[in-house]
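Subject: Structure for you to look at

Hello,

Here is the structure I said I would pass on, with my notes below it. Please open it alongside the text.

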Amino acid sequence: MLTISQAVERVVKVKPFIVESLTDGLINISSLARNIAPTVSQMTGKEIKSGAIIMALNRLVPHLANAESRFNKSMLSMLEDIIVRSNLTDFTFKNSQTLFNANTKLMEELNGNTTFYTMVRGVFESTLVVGSDVVKIVEKHFGGEECTFRNDNLSAITLKLPVGNVQAVGFYYQIMKFIAWEGINVKEVISTTNEFTIVVSDEDVDRAFALLKNLKNVNKLG
């Protein structure tokens with residue numbers, strides 16, 4: 001069985017919003033201790049009093065704060081361009097032996113076209129996000145493929161990331177948590193080494209853009 005400290009740490013760490021609030025001193029530790037007491041008791045195999053959990057939390061908070069400080073938040077202030085593309089359509093196709101050829105034909109026809117295009121191949125399915133102006137071309141070349149999902153009226157927000165972002169632990173989390181806090185539903189996530197794109201509904205794009213721009217500006221101020 002786990003010790004009280006081990007159980008408390010495991011319970012807290014699976015709730016990242018609680019971790020951040022703890023390190024910022026925004027949570028009443030006594031209330032949190034009472035809330036997680038049943039779970040801690042179950043994990044340790046014995047009834048644990050709130051006082052013991054409060055002691056474990058007080059010892060844990062400095063450790064969590066040190067871990068949080070290892071992430072260099074100044075990286076967020078170094079975010080460069082934020083590019084928005086609207087009127088997008090998202091297709092998901094079941095992977096097949098002919099899917100690659102269909103995509104090759106699409107890219108050949110789109111050669112020189114400035115429309116938004118990205119395709120991500122997974123193990124069992126592939127997602128294609130394109131400008132809605134070329135949907136007819138997609139339907140022409142992918143007509144023989146099994147489309148399992150389609151979503152229209154989307155927008156993409158692309159962040160140009162600072163060099164070295166791949167070495168910053170928790171970099172994507174720092175971005176995505178604010179999107180989640182705002183209640184914005186992310187439809188797709190697309191990334192390269194120095195670009196990070198989220199796809200959202202057209203109705204959410206203004207809020208998401210304002211949030212990301214503010215995130216960059218606030219971190220610049222320190």
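To start with one residue pair: Y117 stands opposite V130 in β3. Please keep in mind throughout that this is a predicted model.

The sheet

Y117 belongs to strand β2, which covers residues 117-121. β2 pairs with β3 in the antiparallel sense, over five bridges, and the two strands form a hairpin with three residues between them. These strands are part of an open sheet of six, in the order β2-β3-β1-β4-β6-β5, with antiparallel pairing. The edges of the sheet are β2 and β5, each of which pairs on one side only. On average, neighbouring strands in the sheet are turned by 25 degrees against each other, direction ignored. As general background, strands of a sheet pair through backbone hydrogen bonds, either parallel or antiparallel.

At the β5 end there is another hairpin, in which two residues join β5 to β6. β5 and β6 pair in the antiparallel sense over six bridges, and V186 stands opposite V200 in β6. β6 (residues 195-201) also pairs with β4, again in the antiparallel sense, over seven bridges. Two partners in β6 can be picked out for that pairing: S201 is the bridge partner of L154, and E195 is the bridge partner of K160. How much of β6 is covered? Six of its seven residues are buried, so the word "mostly" applies.

The loop between β2 and β3

G122 lies in the loop between β2 and β3. With a relative accessibility of 33%, G122 counts as partly exposed, because that class runs between the 20% limit for buried and the 50% limit for exposed. G122 and K94 are 28 residues apart in sequence, and their C-alpha atoms are 9.5 Å apart in space.

Two helices

Helix α6 (residues 99-110) lies across three strands, namely β1 (82-94), β2 and β3 (125-131). The helix runs at about 165 degrees to β2.

Helix α3 (residues 29-44) is not straight. It bends by about 50 degrees at I36, and a proline, P38, follows within four residues. The span of α3 can be set beside that bend: a straight helix of 16 residues would cover 22 Å at 1.5 Å a residue, whereas α3 spans only 20 Å between its end C-alpha atoms. Which residues of α3 are buried? They are L32, A33, I36, A37, V40, S41 and T44. The residue at the bend, I36, is thus listed among the buried ones.

Salt bridges

How many salt bridges are there in the model? The count comes to five, and three of the pairs are described here, starting with E139 and R150, whose side chains meet at 2.9 Å, N to O. E139 lies in helix α7 (residues 135-141) and R150 in strand β4 (residues 147-160), so this pair ties together parts that are eleven residues apart in sequence. E139 is partly exposed at 35% relative accessibility, and R150 is partly exposed too, with a relative accessible area of 38%.

R150 also meets the side chain of D152 in a salt bridge, at 3.3 Å, N to O. D152 has a relative accessible area of 31% and is partly exposed. E139, R150 and D152 are therefore linked in a network of salt bridges, since each contact falls within the 4 Å limit.

Another pair is E182 with R207, where the closest N and O atoms are 3.6 Å apart. E182 sits in the loop between α8 (171-181) and β5 (186-192), and R207 sits in helix α9 (residues 205-221), so the pair ties together parts that are 25 residues apart in sequence. Both residues count as partly exposed, E182 at 36% relative accessibility and R207 at 35%.

If you have the model open, the hairpin of β2 and β3 is a place to begin, followed by the network of E139, R150 and D152.

Best wishes

Key:
Residues numbered from 1 in each chain as written. Predicted model: local features only at pLDDT ≥ 70, side-chain atom pairs only at ≥ 80, totals over all residues. Heavy atoms only, no water. Buried < 20%, exposed > 50% of the residue type's maximum accessible area, 1.4 Å probe, protein only. Pairing = 2+ DSSP bridges. Axes fitted to C-alpha atoms, helices over the stretch in contact; angles between N-to-C directions. Contact = heavy atoms within 4.5 Å. Expected span 1.5 Å × (residues − 1). Bend = angle between axes of the 7 residues up to and from the residue.
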